[in-house]
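Grab a pencil and work through these exercises with the model open beside you. Try each task before you read its solution.

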Amino acid sequence: MALNLLGLNRHELTRFLEGLGEKPFRARQLMRWIHQEGVADFSLMSNLSKQARQTLASHAEVSVPELVSEQVAEDGTRKWLLSLGQGNAIETVFIPEATRGTLCISSQVGCALACSFCATGRQGFNRNLTTAEIIGQVWWANQALGANGQNERVISNVVLMGMGEPLLNYEAVVEAIDILLDDHGYGLSRRRVTLSTSGVLPALERLRDRAPVALAVSLHAPTDELRNELVPLNQKYPLQELMASCRRYLDKAPRDFITFEYVMLAGVNDSDQQAQQLLRCVQDVPCKFNLIPFNPFSHSGYRRSSPERIRRFRDILMSAGLVVTVRRTRGDDIDAACGQLAGKVVDKSRRTLDRSGERL
Ligand code: SAH
Ligand code: SF4
């Protein structure tokens, strides 16, 4: 089978080209064609010799996921559904703002971690994405947004916050990060790529040494008791260890704070007392908070905290000197908001609905 060059970082591409007897510098040219010009057909790569184009065509391909649909929300948020074959599909979301354009990409088909308030978690898990499938989302968004061939970069930030837990697909994700950061790839700085994790600590330690990008951690609860229930992974990696890992991560991180994400669930995690507990929980970690009003989906069993409650919770954190933002809900009319991404997952995990966490 032909090798898909879409998912190779510069190092791998160079090795591949050397194996074909091609000059290593061709890796840079190829990456520019593929990622910056959006060209998938070798015959159109005009600065490669005819011979090189033919050799490439007989050993490799640039294969992107199939675009199934595009939806545009009233607020300009766009969502793409990409088919991966065998009944699986993933979603990618672009969120335009005045000063930046953020692309939210998926890392897995579904998610095995089963956080109780997350639509993706409810769907079960099928498989990890390949690096090509992760990068394919950025490739498609670039095409759809018309960035290719223009100087202006429409996508200024990429967040690994879509479907799946990126740190449970570590190898593919770090290679995708290589391509996002490569000047001949998408040319983003480490500050403009954010990985969001529910706290897979051994992989977080590896990320710190290998590809330390900006980090968001899904906290959602101030005590182990409640977090065990909302984020079952907490039973394996509890809060104290999570906080210690966050501190260590900051030694290498491109920003001097961790962003804690905290979904606001009415009557579950949004009381004044819980805000106080939260302050104690994070006291040793330089951080900012991003409060996310819960985005409902059918049979979730949760309600969003009221605006007054969210404001009050925010004020308690802020009065202790923390920087707190409340995430504006974007694209919810097309189910593109946080936690609403569902794609199509052929569930293979066959887990029960018991949330005791035993299966972890
Ligand atoms: N698995 C990773 C990244 C994907 S989830 C993680 O958990 O961090 C991206 C963010 O959306 C997480 O902070 C997650 O907790 C949040 N989220 C999930 N379901 C949500 C919902 N229904 N409403 C609001 N935010 C949600
Ligand atoms: Fe997975 Fe993140 Fe959803 Fe939890 S919140 S189930 S880790 S995608």
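**Exercise 1.** Find the loop that holds His220, and work out whether His220 is buried or exposed.

*Solution.* Step one: His220 sits in the loop that links β11 and α8. Strands here are DSSP runs of E with at least two residues, and helices are runs of H or I with at least four, all numbered from the N terminus. Step two: look at the backbone, where His220 has a positive phi, near 70°, in a residue other than glycine. Step three: the relative accessibility of His220 is 4%, so it counts as buried. The cut-offs are under 20% relative accessible area for buried, over 50% for exposed, and partly exposed in between (1.4 Å probe, protein chains only).

A word on the ground rules: this is a predicted model, in which local features need pLDDT of at least 70 and side-chain atom pairs need pLDDT 80 or more, while totals for chains, interfaces and linings use all residues. Residues are numbered from 1 along each chain as its sequence is written, chains are lettered from A and ligands numbered from 1 in written order, and side-chain values use heavy atoms, without hydrogens and water.

**Exercise 2.** Now do the same for Gln86: which strands flank its loop, and is Gln86 buried or exposed?

*Solution.* First, the loop of Gln86 runs between β4 (78-85) and β5 (88-96). Next, Gln86 isn't a glycine, yet its phi is positive, about 50°. Last, Gln86 has a relative accessible area of 77%, so it is exposed.

**Exercise 3.** Place Glu225 in its helix and decide whether it is buried or exposed.

*Solution.* Start with the helix: Glu225 belongs to α8, residues 224-230. Then check the accessibility: at 69%, Glu225 counts as exposed. Finally, try a distance: Glu225 and Glu261 are 36 residues apart in sequence, and their C-alpha atoms are 18 Å apart in space.

**Exercise 4.** List the buried residues of helix α9, then say what covers them.

*Solution.* Step one: in α9 (residues 239-249), the buried ones are Leu239, Leu242, Met243, Ala244, Ser245, Cys246 and Tyr249. Step two: their cover includes α7 (201-210), β11 (214-218), α8, β12 (258-264) and α10 (272-281).

**Exercise 5.** Which residues does Thr131 touch, leaving aside its neighbours within four places in sequence?

*Solution.* Begin with the address: Thr131 is part of helix α5 (residues 131-144). Its relative accessibility is 8%, so Thr131 is buried. Contact means heavy atoms within 4.5 Å, and on that basis Thr131 meets Gly7, Ala172, Glu175, Ala176 and Ile179.

**Exercise 6.** Zoom out: how many helices and strands does the protein have, and how do its two domains sit?

*Solution.* Count first: there are 11 helices and 14 strands. The radius of gyration is 21 Å, close to the 21 Å from the globule rule for 360 residues, so the protein is as compact as a globular protein of that length. That radius is taken over C-alpha atoms, and the rule is 2.2 Å times the number of residues to the power 0.38. Of the 360 residues, 56% count as buried.

Now the domains: domain 1 covers 3-61 and domain 2 covers 66-334, with bounds from an automatic or database domain assignment. Their centres, taken over C-alpha atoms, are 32 Å apart. Across the boundary, 16 residues of domain 1 are in contact with 19 residues of domain 2.
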